[in-house]
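Student: I am new to this structure and would like to learn how its features get their names. Could we go through them together?

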Amino acid sequence: MLDRQRGKIIFECDVCGDTLDTETGDFNEARALLEREEWKARKMGSDWLHSCSKCGVPSERAPLAKASRLL
Ligand SMILES: [Zn+2]
């Protein structure tokens, strides 16, 4: 998930709860850091799921992801 604390964007791994403190309020900068740190982001319906480099893509084990592969 993406959170903001005092204007700064923080990503939290939806699998293990680890956090990535980006130290910026600029979404593009935050996303660039996300990619540099090898975190993953994937849109699930209207929500974005995030996962750290250790956990990989979170949605692959989720039922919704399996359903979308069948389409
Ligand atoms: Zn994780």
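Tutor: Gladly! Keep in mind that this is a predicted model. Let's start with an open sheet of three strands, which lie in the order 1-2-3 and pair in the antiparallel sense.

Student: Why are strand 1 and strand 3 said to stand at the edges?

Tutor: Strand 1 (2-5) and strand 3 (19-21) each have a single partner strand, so each has one side without a neighbour in the sheet. From one strand to the next, the twist averages 30°.

Student: How do you know that strand 1 and strand 2 pair?

Tutor: Pairing takes at least two bridges. Strand 1 and strand 2 have four bridges, so they count as paired, in the antiparallel sense. Asp3, for instance, stands opposite Ile10 in strand 2.

Student: And what makes strand 4 and strand 5 a pair?

Tutor: Five bridges join strand 4 (residues 40-44) to strand 5 (residues 47-51), and the cut-off is at least two, so they pair as well; they run antiparallel. Arg42 has Leu49 in strand 5 as its bridge partner. The two strands form a hairpin with two residues between them, and Gly45 in the turn has a positive phi of about 65°.

Student: Which residues make up the largest nonpolar core?

Tutor: Its seven residues are Ile9, Phe11, Cys13, Ala30, Leu34, Trp39 and Cys52. Strand 2 (8-12) and helix 1 (27-36) each supply at least two residues of this core.

Student: What does Cys52 touch, leaving out residues up to four places away in sequence?

Tutor: Cys52 touches Cys13, Cys16, Asp18 and Trp39. Contact requires C-beta atoms within 7 Å, so each of these four meets that cut-off with Cys52.

Technical notes
Residues are numbered from 1 along each chain as its sequence is written. This is a predicted model: local features need pLDDT of at least 70, side-chain atom pairs count only at pLDDT 80 or more; totals for chains, interfaces and linings use all residues. A nonpolar core is a set of buried Ala, Val, Leu, Ile, Met, Phe, Trp, Tyr and Cys residues joined through C-beta atoms within 7 Å. A residue is buried if 20 or more other C-beta atoms lie within 10 Å of its own, exposed if 12 or fewer, and partly exposed in between; C-beta atoms are placed from the backbone. Two residues are in contact if their C-beta atoms, placed from the backbone, lie within 7 Å. Axes are lines fitted to C-alpha atoms, for helices over the stretch in contact, and angles run from 0 to 180 degrees between N-to-C directions.
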